[in-house]
Amino acid sequence: MIVESASGRWEPVIGIEVHVELETKSKMFCGCTVDTEAEPNTNVCPVCLALPGALPVINERAIEWIARIGLALGCTVTPDTVFSRKNYFYADIPKGYQISQFDLPVCADGHLDIEVDGVASRVGIERAHMEEDTAKSQHAGDGGRIHTATSTLVDFNRAGVPLVEIVSRPDMHTGAQARAYAQALRQVVLALDVSDAKLEEGSMRFDANVSVRPEGEPELGTKVEVKNMNSFRSLERAVDHEISRQIAHIESGGTVIQETRHWDEADGRTHGMRTKEGSSDYRYFTEPDLPPMHLDEDWVAPIRAALPELPEARAARYRQMGLEAGAADVLAPASPRARELFESAVGAGGDPRQVANWLVQDVTAWLRKADTDLEATPLSAGHLVELGRLVDDGKLSSSAAVMVLGHVLAGDGAPAGVAEANDLIQISDAGALESAIDEIIAANPEEWERYVGGEQKLTGFFVGQVMRVTQGKADPKLVSQILRDKA
Amino acid sequence: MPIEIDVAHVARLARLSLPEEDLARYGEQLGLILEHAAAIQGVETEGVEPTAHPLGIVNRFRPDEVRPSLDRGVVLEQAPDSTETHFRVPPALDAS
């Protein structure tokens with residue numbers, strides 16, 4: 001975690017702030033639909049436009065969902081909490097303040113475990129607080145670039161959408177860790193079914209606070225907030241770039257100033273935006289329009305009880321079921337349908353490793369090629385169990401099983417019927433194979449002599465001959481067995 | 001004991017344009033308000049439950065239900081400047 005440079009050894013320190021838009025039906029403080037893809041300015045009302053006299057009312061589901069997120073991250077739900085006003089002027093915030101939280105966030109003190117290159121670490125979660133999203137600005141004129149815009153167009157559909165901000169502790173030290181944290185957090189949010197968490201559409205967004213300090217220095221360096229990363233890859237690149245920039249800047253005699261910098265994906269650099277207003281300049285005060293919330297254990301208990309299994313715990317369970325770590329890690333956060341198929345098939349007697357391998361490898365590959373979703377195929381848990389039985393009974397070779405799987409996915413029918421119809425059933429009837437084997441022995445007396453004499457490697461030769469005359473349909477295990485019996 | 005306030009800074013944060021000659025007067029008045037707040041800070045509150053709201057009510061929630069929004073045409077008509085679909089405001093950042 002230490003960066004060595006010409007002048008010495010530096011420790012980068014990274015904290016991540018993640019914003020997640022909740023997919024509630026209605027907005028945080030009013031009944032407008034949450035649908036950021038709707039025609040601009042069609043989901044607006046006096047509350048989210050800040051018309052005079054309009055009053056906010058808290059959407060209870062949003063509070064339940066932030067509690068769900070917090071509990072999943074091991075946070076405590078603050079029993080007595082309030083909303084606060086964060087005051088600033090910007091065209092996307094019509095009231096002149098954002099309703100947010102300050103010293104009493106709904107959730108505090110949690111953690112998320114991450115792993116980079118096999119090294120596990122725990123990232124502390126300082127808080128998760130509830131707030132409202134801002135409107136969407138579009139900078140008009142000269143290609144929409146913010147610096148050269150001649151005017152700004154504002155769409156208030158997003159204004160007031162429930163937004164959860166999750167603030168990590170400064171526990172990360174590399175771009176790769178920042179990326180792993182963001183990815184793990186997204187998996188948790190998806191598992192909780194509270195947001196679609198789409199990076200490219202902005203329903204999940206992250207900012208990184210990056211600072212560097214000389215190795216061993218107890219005080220944190222001045223932090224720079226890096227924004228505008230819209231993929232995990234750009235988050236990692238932006239953080240690594242900012243670390244190098246700060247070290248180079250300090251080494252050339254400069255001082256890092258507290259500021260917000262914009263990541264530019266195209267040139268791979270961060271660019272200064274404006275001096276960040278200090279926290280006190282937001283003049284937070286308790287929101288007088290909203291009474292406090294009392295979220296006691298009676299309120300929290302049902303939410304805690306209804307928490308779904310999280311990807312990390314599920315992966316551990318899958319490993320216990322016998323899956324290799326790789327398959328468990330792929331399957332645990334996979335689509336609900338894939339997991340359901342896996343769990344039902346195993347529950348009905350399917351072999352966990354075999355079923356997982358089909359789902360993780362062959363089914364995934366088939367779906368990608370066919371450009372479709374698992375939900376759109378007729379594949380059932382029963383099909384997977386049946387397919388497993390055909391393989392176990394020696395009726396299908398493993399490669400034939402994959403072909404059958406493709407036919408089942410394409411809707412051609414159930415495995416046994418499909419295998420039959422496509423002539424893929426192995427000959428596992430000893431009687432049927434024996435005459436073929438006898439003919440081959442008769443045609444190759446010399447080889448047979450050597451085989452009988454103990455030349456084991458000739459097994460391959462005979463099995464190959466049998467496979468050739470049966471057009472690949474003989475069960476190789478059975479053929480070897482018969483050969484051994486005859487010798 | 002009057003409290004020193006950077007009135008120009010406070011005015012800037014609130015986007016208020018105050019004439020130079022009024023700054024001292026506002027400073028004095030704001031100072032009195034802060035003195036009052038300081039006096040309240042001094043009150044013995046040991047054993048008093050904190051309160052964030054005068055009415056003592058909590059958890060005034062609404063169910064997550066959609067209610068009709070306003071008509072866009074009517075809404076945009078109220079704005080000083082708009083396009084057919086958007087509010088239009090001056091550029092968000094100076095060109096500098």
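Helices and strands are DSSP runs, with at least four residues for a helix and at least two for a strand, numbered from the N terminus. On this basis, chain B of the predicted model follows the order α-α-β-α-β from its N terminus. That amounts to three helices and two strands.

Chain B is extended relative to the globule rule. Its radius of gyration is 23 Å, whereas a compact globule of 96 residues would have a value near 12 Å. Its C-alpha atoms fill a box of roughly 55 × 45 × 25 Å along the principal axes. Buried residues account for 19% of the 96 residues. The exposed area of chain B is about 7,700 Å², of which carbon and sulfur atoms supply 56%. The side chains of chain B include 8 positive and 17 negative ones. The centres of these two sets are 11 Å apart.

Chain A contains 15 helices and 18 strands. Its radius of gyration is 30 Å, against a value near 23 Å for a compact globule of 487 residues. The C-alpha trace spans about 95 × 60 × 50 Å along the principal axes. Of the 487 residues, 48% are buried. Contacts between residues at least 6 apart in the sequence of chain A were also examined; 68% of them join residues at least 24 apart. Chain A exposes about 22,100 Å², and 49% of this comes from carbon and sulfur atoms. There are 47 positive and 76 negative side chains in chain A, with the centres of the two sets 2 Å apart.

Two loop residues of chain A were examined individually. A:Ser195 sits in the loop between helix H2 (175-192) and strand S13 (204-214). A:Ser195 has a relative accessible area of 4%, so this residue is buried; the cut-off is under 20%. A polar atom of its side chain lies 2.7 Å from the backbone oxygen of A:Glu21. A polar atom of the A:Ser195 side chain also lies 2.9 Å from the backbone nitrogen of A:Ala197. Beyond neighbours within four places in sequence, A:Ser195 is in contact with A:Val20, A:Glu21, A:Glu23, A:Val189, A:Leu190 and A:Ser203.

A:Gly349 belongs to the loop between helix H7 (336-347) and helix H8 (352-370). The relative accessibility of A:Gly349 is 60%, so this residue counts as exposed; the cut-off is over 50%. A:Gly349 and A:Gly453 are separated by 104 residues in sequence. Their C-alpha atoms are 43 Å apart in space.

Technical notes
Residues numbered from 1 in each chain as written. Chains lettered and ligands numbered in written order. Predicted model: local features only at pLDDT ≥ 70, side-chain atom pairs only at ≥ 80, totals over all residues. Heavy atoms only, no water. Rg over C-alpha atoms; globule rule 2.2 N^0.38 Å. Buried < 20%, exposed > 50% of the residue type's maximum accessible area, 1.4 Å probe, protein only. Areas by Shrake-Rupley, 256 points an atom, 1.4 Å probe, with all protein chains shown as cover. Lys, Arg positive; Asp, Glu negative; His and termini not counted. Charge placed at Lys NZ, Arg CZ, Asp CG, Glu CD. Polar contact = N/O pair within 3.5 Å; in protein donor to acceptor, adjacent residues only side chain to side chain. Contact = heavy atoms within 4.5 Å.
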